[in-house]
Structures are given as C-alpha cells and as structure tokens.
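Please follow the helices of this model in turn, with attention to how they are packed and to what joins them.

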Amino acid sequence: MMTCQAVAATASAYLDRELPLSRRAAVAWHLRLCPNCRAYLATLKRTIGLARKAPVAAPAPEVEDNLAALFRARQNSAD
Ligand SMILES: [Zn+2]
C-alpha cells in the first residue's frame, strides 16, 4: 500500500486526474482505507475549489486611467 506521504505528494495530481491509471488506483485504494488521507484530500479539494472561484482582483477603471496618466506624465518628464 502507498504511504500517506506518497498520497499527499501526489494528491493534487490525483485531483486533477493527471496520474496514470495504476497510480490512481493505488491512491483510491489508500483513500478507502485511510480516513486521514480522505480528510486531507477533501480539504485540498475545497481549497482548490475556493481558489478557482475567487474573483481576480482588477483595479477600477478610474484607477487604471490615473495610472496611465501617471505613466504618461513620467515618460514626458524623462524626455
Ligand atoms: Zn493515508
């Protein structure tokens, strides 16, 4: 059986379905028998889900305009 460390090391690849089938099966088997790793994977899955749902921080349009004006002013003064 895989060790918990080995499961933890491949956990994100497992969740992304990037593991070869034999490896996947080994992880799945470990998860059936190991509540600790099941809890770890559930937490990891939730964390990844939250990170993907988090809105991308973008500046308000007026902030972008102000920045653009600032850059232009700096470039002009450098000439
Ligand atoms: Zn385990």
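Helices α1 and α2 are oblique to each other, because the angle between them falls outside the classes for roughly parallel (under 35 degrees), roughly antiparallel (over 145) and roughly perpendicular (65 to 115). Helix α1 covers residues 4-15 and helix α2 residues 21-33, and the two pack at an angle of about 120 degrees with their axes 10 Å apart; helices here are DSSP runs of H or I with at least four residues, numbered from the N terminus, and axes are lines fitted to C-alpha atoms over the stretch in contact, with angles running from 0 to 180 degrees between N-to-C directions. This is a predicted model, in which local features need pLDDT of at least 70 and side-chain atom pairs count only at pLDDT 80 or more, while totals for chains, interfaces and linings use all residues. Residues are numbered from 1 along each chain as its sequence is written, and side-chain values use heavy atoms, with hydrogens and water left out.

With contact meaning heavy atoms within 4.5 Å, C4, V7, T10 and Y14 in α1 meet a set of residues in α2 that includes R23, V27 and L31.

Helix α3, residues 35-53, packs against α2 at an angle of about 115 degrees, with the axes 6 Å apart, and that makes α2 roughly perpendicular to α3. On the α2 side H30, L31, R32 and L33 take part, and they meet P35, C37, R38 and L41 in α3.

The axes of α1 and α3 come within 10 Å and cross at roughly 30 degrees, which makes α1 roughly parallel to α3. In this contact C4, V7, A8, A11, S12, Y14 and L15 of α1 meet C37, Y40, L41, L44, K45 and I48 of α3.

A zinc ion has as its protein donors C4 (SG), H30 (NE2), C34 (SG) and C37 (SG), which lie 2.0 to 2.4 Å from the ion; donors are N, O and S atoms within 2.8 Å of the metal (3.2 Å for Na, K and Ca), and since water is not among the atoms, sites may look incomplete. Along the chain these donors follow the spacing C-x25-H-x3-C-x2-C. C4 lies in helix α1 and H30 in helix α2, so this pair ties together parts that are 26 residues apart in sequence. The 4 donor atoms subtend angles of 103 to 113 degrees around the zinc ion, which makes the arrangement tetrahedral, a class that requires all angles of four donors to lie between 85 and 135 degrees.

Conventions. Tetrahedral: all angles 85-135°; square planar, octahedral: opposite > 155°, others 65-115°.
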